[in-house]
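Colleague: Please take a close look at a single part of this protein for a first-year student. Start with one residue and its surroundings, then put it in the context of the whole chain.

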Amino acid sequence: MSNSDLFQLAGKSYRSRLIVGTGKYRDFAQTRAAIDASGAEIVTVAVRRVNITDPGKENLLDHLDLSRITILPNTAGCYTADDAIRTARLAREAGVGSLLKLEVIGDEKTLFPDVTATIEAAKVLVKEGFVVLPYINDDPITAKRLEEIGCAAVMPLAAPIGSGLGIRNPYNIRIILEHSRVPVIVDAGVGTASDVSLAMELGCDAVLLNTAIAGAKDPLLMAEAMRLACEAGRKAFLAGRIPRKLYATASSPIEGLLD
């Protein structure tokens, strides 16, 4: 994207509006290759699942170009507010900064967020100076509450985590966009490039995904497809699509033609 259309998040500017995860890859080498192909400048890491804290073991961060990548630790796998808060503190103590994806799961089968626990944890973490990006349902009221608490962005799901179903409720996403004064990042449920493009065409500020790339038959090719889709969708949003009409409209004007 051009320098005039940068993604602004927590006081920093990014050229890419695609945020990618680091789970489910064959190895760290494939993880890095996929990140490079995606063009992502923000990479999310599950603190409880990927080693970023023990220097005595192989560390994911050793395989990433930290000169250009911002690490976004997340509290994936946490089912209580207290657990999420502890995990966030652990990540900050490990030296990865205060930027945080807050994820508190309410149900093991659907992996839907626990809204009450998410709000509870967000209140504590914002007060402690964390830059909180909460994973939530596509609920405009929850989004507004978290914005009021002081979260730096809101991250409504497109569909259940890892489902690949794409955006199931674009109307709620539009309402969230209409009322939000912080970045809106679609998170979870993306399946393919057209899902990313749709999110960007709706006006979302960014898209976060993992399984759609890591689980593809060719992760590197899919990573590239996601990058291009993100760029195309953003450009289409900025360009402004034509109105939808029930009937045809001639594409060639007839004014001035001789009888």
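Modeller: What follows goes from one residue to the whole protein, and then to the ring contacts.

This is a predicted model, in which local features need pLDDT of at least 70 and side-chain atom pairs count only at pLDDT 80 or more, while totals for chains, interfaces and linings use all residues. Residues are numbered from 1 along each chain as its sequence is written, and side-chain values use heavy atoms, with hydrogens and water left out.

The residue chosen is Gln 30, which is part of helix 1, residues 28-38 (helices are DSSP runs of H or I with at least four residues, strands are runs of E with at least two, and both are numbered from the N terminus). Gln 30 has a relative accessible area of 12%, so it is buried (under 20% is buried, over 50% exposed, and in between partly exposed, with a 1.4 Å probe and protein chains only). Apart from neighbours within four places in sequence, Gln 30 is in contact with Tyr 25, Pro 219 and Leu 220 (contact means heavy atoms within 4.5 Å). Leu 220 is 190 residues away from Gln 30 in sequence, yet their C-alpha atoms are 8.1 Å apart in space. The side chain of Gln 30 also has a polar atom 2.8 Å from the backbone nitrogen of Arg 26.

Contacts across the sequence also show up in the protein as a whole: among contacts with a separation of 6 or more, 66% join residues 24 or more positions apart. The protein has eight helices and 10 strands. Of its 259 residues, 49% are buried, as Gln 30 is. The C-alpha atoms fill a box of roughly 85 × 40 × 35 Å along the principal axes.

Next come the rings. The structure holds one aromatic pair. The ring centres of Phe 7 and Tyr 14 are 6.2 Å apart and their planes meet at 45°, so this pair is tilted (rings of Phe, Tyr and Trp, the last by its six-membered ring, pair if their centres lie within 6.5 Å; planes under 30 degrees apart are stacked, over 60 edge-to-face, and the rest tilted). Phe 7 and Tyr 14 are both buried.

Two charged side chains sit over rings as well. Arg 92 lies over the face of Phe 130, 3.8 Å from the ring centre, and the charged end of Lys 101 sits over the ring of Tyr 135, 5.5 Å from its centre (NZ of Lys or CZ of Arg must be within 6 Å of the ring centre and within 35 degrees of the ring normal).

Methods
Polar contact = N/O pair within 3.5 Å; in protein donor to acceptor, adjacent residues only side chain to side chain.
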